[in-house]
Structure formats: structure tokens, C-alpha cells
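Visitor: I would like a close look at the aromatic rings in this protein. Could you take me through them, and then show me a buried charge and a helix as well?

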Amino acid sequence: MQVADTAVNGTRDTQRVLIAADKFKGSLTAVEVAQRVTAGLRRVVPALEIEALPVADGGDGTVAAAVAAGFERREVPVAGPLGDEVTAAFAVRGTTAVVEMAEASGLQRLRKGVFAPLTASTYGSGELLRAALDAGVRTIVFGVGGSATTDGGAGMLTALGARFLDGEGEPVVPGGGGLIDVATADLSGLDPRLADVDLILASDVDNPLTGPKGAPAVYGPQKGASPDDVEALDAALAHFAKVVGAAAGPRAEGYAAAPGAGAAGGIGYGALLLGARFRPGIEVMLDVLGFAPALERATLVITGEGSLDEQTLHGKAPAGVAAAARARGGREVVAVCGRVTLTAEALNRAGITRAYALTETEPDVARCIAEAGPILERVAERIAGEWLG
């Protein structure tokens, strides 16, 4: 299939491809995906106009996507999930900052095979937010996902001036497990600058804080939590929300059931306490990255991520890109991925005309992971031949 020249705003444009893909987790960053697809397309159509706009849904890779779109990368020392110092990055452009909690409190900050479901803290994420405030921004996009933590954002709130004390008036130990001992919550010392910024909680999940669909039950096992740990964390977070609600009012306690409260081990709940407004991560990032004007210039959109599956349809980057392109109209969307489990009908309902999986070119999954870049270039050559030849 070939994409003909398309009329946009009354004029006739030549073929221009917009690459707006997320990372292939464990194989390629979003920037590398764009580079590889570009190389494959240009091997077939050397003079092709290509615009690369790596995207993210708020999880790990969000800062990198912002930097690729022209934001300035800034680095600060913060506490990692277990309290050791790490260098974390955030991104700034004008009066907007993009902060990624995984930079400070993500699983990526733990040694491989090491988990700390009861003790990992989001304190460093609070330090990152404070660094963004120090930069004088007016809007903070707070991307959450990929966390090593299940502490309801207590560590983050502590870094920003809150105090959570046990029955003897001592600070509770870091991590979600220690929240069962919270007797007093004091939010009066929160950084006053938070009241003057637009804090946006960007996440691809809308889980509540606790319960069968809450942070411990759904995501705790991914962070090494045993069934007993899940039960302990759920009870601790429920107790934490009750104490905070008593201190800050019933509205605060109600945040525990709000969509997004359970994001990234409950840091969404902490963000809501700070006055954040929840938005689907990919929608926020498309706005921040300038997707709409880039889409105007495109005749074909290539999106993608490592696995196109049922989760893709629930707030992941490819579905968000396809929905935005469909809303504008007149833009075909194809996807690249490591593997695809969705039917053609499901893809079409999502606005994706065709998916190209690495496994179609190389059936050996291990090789697809190890040699994702070169194989993706071959996939892109195929896309060029079928859509741009």
C-alpha cells in the first residue's frame, strides 16, 4: 500500500513520516527506535522527509523523550529507593518541567534481582520535585511508573516537608511497611511553592490506592512482594490514608479511591495530596512534546512499543498516538513492535492500520531481543516498500 501526497490546510505536501514510538523495553530506547526506523526507511527512500518524536506514557523514558523533543536535561543528586545517593535527571523547557519518578525511585535503581517491597522509599522523587521547584517552573508534569516502591508517596511527601510520626513521636521508618505505625500526619510544612504550580500526575494506570485493584495487590508482586507482603502493604496504606484523612480532612481520605491514586506504588495518592490533577500519561506527553503540530506535517505515522497486547489498549503510547491521529483525520498509523498479540480487528479499532512485529522477520525471540536494532531496520525497510514505494 502506498500513501499518496496528502492535502493539508489547502496545500499539497510531499510524503513525510512522523515516527512517534515508545521504547522496546529491555532492548531499545524510544530514541533508538526512532533512529533505527529512520535508517531502514531511508535505505529504501533516501530523500524521504522524516520527523522523529520519541514518546512515553509517563513511565521510565519520559525524561529522555522530553529531552529528545528539545527540553534541557538537568541532573541532581537524590536518594535512591534504598537511601543511597543516585544522580537523577529531569527536563525543563521554559516554565515547564518534566519529572520522572523512576529516575529516583524506579526498579532500575535497584541491583538486578534485588527487591525491597516493604522498605523502598519515594523520598528521592520528592527531592526531584523540589529541584523542579527550585528551577522556577510553573508547570510540572510528574510522570509515574516503573517504581520500586509501594509507600503511598509518603517518602516523597516527607522530602517536601510533611512529617509522619509513630506513637512515640518519632519518624516512621521508610517504605510502605512502616506506614502501619503512623500515628500522626502533619502536612503543614509542605513546600509552599507547590500551591503556585500546576502539578499534573501523568500515568497510564487508574488504579485506586488499596483493595483488590489497588497498588499492592496489582503491582506489588512485580516488585518482589510475597502474598504476605501484599497483605501487609495493603493494610499499611489503608491505615496511612485514614491517618492522613483525619489530619487533612475527608477530601484527602477520599483521594485513596481516586483514579491514579494507586499509580507507581501509590505515589499517585501522594501527588493528589499535593494538589495534582490526574491525566492519562500519553495524552499529557503528546501535548508537552508538540505532537499536534508534528502530526499536521505528516502523511504517515509510525508508532510502536515492545509488545502490542491488551495493555496497549489501556493508556499505552501507541494507542494514544493512534487515537490522536484518528481525531485529526487523514493520517494512516502503522506500528512497529517486538511482538503482537492483538488481532487485526483490535488494532483497527484502536486506529492502527497495520502492525509489524520483529518476530515476523526473525522468529527467534531471543535474537529479536538481542538484535532488536538491526531487525527493526529490516522491518522499516518493509514498511517503506509497502507504504512509501
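Guide: Happy to; here is a walk through the rings, then the charge, then the helix. Please keep in mind that this is a predicted model.

Let's begin with the rings. The count of aromatic pairs comes to two. One of them joins F164 and F240: the ring centres are 5.1 Å apart and the planes meet at 70°, and because an angle over 60 degrees counts as edge-to-face, that is how this pair is classed. The two partners come from distant parts of the chain, with F164 in strand β9 (residues 163–165) and F240 in helix α7 (residues 227–248), 76 residues apart. F164 has 5% relative accessibility and so counts as buried. F240 is buried too, with a relative accessible area of 0%. F240 also pairs with Y269, where the centres are 6.1 Å apart and the planes lie at 75°, so this pair is likewise edge-to-face. Here again distant parts of the chain are linked: F240 sits in helix α7 and Y269 in helix α9 (residues 263–273), 29 residues apart. Y269, at 0% relative accessibility, counts as buried. Taken together, the ring pairs link F164, F240 and Y269 into a cluster.

Now for the charge. E100 lies in strand β7, which covers residues 96–100. E100 is buried yet has no salt bridge. The nearest side chain of opposite charge belongs to R73, 7.6 Å away, and a salt bridge would need the charged atoms within 4 Å. What the side chain of E100 does reach is the backbone nitrogen of G61, at 3.2 Å. Setting aside neighbours within four places in sequence, E100 is in contact with G59, D60, G61, T62, V63, L128 and G143.

One of those contacts, L128, leads us to the helix, since L128 is among the buried residues of α4. Helix α4 has 12 residues (residues 123–134), which at 1.5 Å a residue should span 16 Å; the end C-alpha atoms are 17 Å apart, in agreement with that. Nine of the 12 residues are buried, so α4 is largely enclosed by the rest of the structure. The buried residues are G124, S125, G126, E127, L128, L129, A131, A132 and L133. Just after α4 comes G136, which takes a positive phi of about 80°.

Conventions:
Residues numbered from 1 in each chain as written. Heavy atoms only, no water. Helix = DSSP H or I, 4+ residues; strand = E, 2+ residues; numbered from the N terminus. Buried < 20%, exposed > 50% of the residue type's maximum accessible area, 1.4 Å probe, protein only. Lys, Arg positive; Asp, Glu negative; His and termini not counted. Polar contact = N/O pair within 3.5 Å; in protein donor to acceptor, adjacent residues only side chain to side chain. Contact = heavy atoms within 4.5 Å. Expected span 1.5 Å × (residues − 1). Phe/Tyr/Trp six-rings, centres within 6.5 Å; stacked < 30°, edge-to-face > 60°.
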